[in-house]
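The following note sets out points for consideration on the structure shown below. Each point treats one aspect of the fold, beginning with its overall order.

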Amino acid sequence: GAAWADSKPEPPPVISLVLNDKSFHHISQPQIDHWKELYPAVDVMQELRAMKGWCDANPKKRKTASGIKRFINGWISKVQRRYTWIYTDL
């Protein structure tokens with residue numbers, strides 16, 4: 001498990017993404033910090049807001065509870081690759 005999944009109480013959510021069953025996937029600051037470390041070129045909070053907007057606007061494409069983490073990682077890593085490509089190509 002990741003650092004935030006240890007037996008500490010769950011930190012409060014910073015942002016929540018709506019799932020296909022209309023429940024929410026809550027994202028806490030430790031998770032955001034983890035992604036910032038993995039993807040330094042990405043404004044993680046801005047991308048999470050964009051994902052929230054996408055989930056709100058695309059009810060038929062919303063993710064399942066088991067698929068949402070892959071969706072988030074895929075989105076952020078794609079943005080990281082785009083920025084890395086732009087900056088290394090100058």
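1. Overall order. In this predicted model, the sequence order of the secondary structure is β-β-α-α-α. The chain accordingly holds two strands and three helices.

2. Burial, surface and contacts. Of the 90 residues in the chain, 33% are buried. The chain exposes about 6,100 Å², and carbon and sulfur atoms supply 55% of that area. Among contacts with a separation of 6 or more, 55% are made by residues 24 or more positions apart.

3. The hairpin. Strand 1 (13-18) and strand 2 (residues 24-28) run antiparallel and are joined by five bridges. The two strands form a hairpin, with five residues between them. Within this pairing, Ile15 stands opposite Ile27 of strand 2. As a general matter, side chains in a regular strand alternate between the two faces of the sheet.

4. Lys22. Which residue in the turn has a positive phi? It is Lys22, with a phi of about 70° although this residue is not a glycine. Lys22 lies in the loop between strand 1 and strand 2. Its relative accessibility is 65%, and because the threshold for an exposed residue is over 50%, Lys22 counts as exposed.

5. Helix 1. The buried residues of helix 1 are Gln31, Ile32 and Trp35. They cover an arc of only 100° around the axis and therefore sit on the same side of helix 1.

6. Gln31. Is Gln31, a residue of helix 1, buried or exposed? Its relative accessible area is 5%, and since buried means under 20%, Gln31 is classed as buried. The C-alpha atom of Gln31 is separated by 9.7 Å from that of Val14, and these two residues are 17 residues apart along the chain.

7. Helix 2. Helix 2 spans residues 44-57, a run of 14 residues. The distance from its first C-alpha to its last is 20 Å, close to the 20 Å expected at 1.5 Å a residue. Val44, Met45, Glu47, Leu48, Met51 and Cys55 are the buried residues of this helix. Viewed down the axis of helix 2, these residues fall within an arc of 160°, so they line one face of the helix.

8. The largest nonpolar core. This core has 20 residues, and those touching the most other members are Ile27, Trp35, Leu48, Met51, Ile72 and Ile76. Strand 1, helix 1 (29-38), helix 2 and helix 3 (68-88) each supply at least two residues of the core. Which element gives the most to this core? Helix 3 does, with six residues.

9. Trp35. Which residues does Trp35 touch, leaving aside those up to four places away in sequence? The list comprises Ile27, Val44, Leu48, Ile72, Asn73 and Ile76. Several of these names recur from earlier points: Val44 and Leu48 are among the buried residues of helix 2, and Ile27, Leu48, Ile72 and Ile76 are among the core residues that touch the most other members. Trp35 itself is one of the buried residues of helix 1. Ile27 is also the residue that Ile15 faces across the strand pair.

Conventions
Residues numbered from 1 in each chain as written. Predicted model: local features only at pLDDT ≥ 70, side-chain atom pairs only at ≥ 80, totals over all residues. Heavy atoms only, no water. Helix = DSSP H or I, 4+ residues; strand = E, 2+ residues; numbered from the N terminus. Expected span 1.5 Å × (residues − 1). Buried < 20%, exposed > 50% of the residue type's maximum accessible area, 1.4 Å probe, protein only. Arc of directions from axis to C-beta. Core = buried A, V, L, I, M, F, W, Y, C linked by side-chain atoms within 4.5 Å. Contact = heavy atoms within 4.5 Å. Areas by Shrake-Rupley, 256 points an atom, 1.4 Å probe, with all protein chains shown as cover. Pairing = 2+ DSSP bridges.
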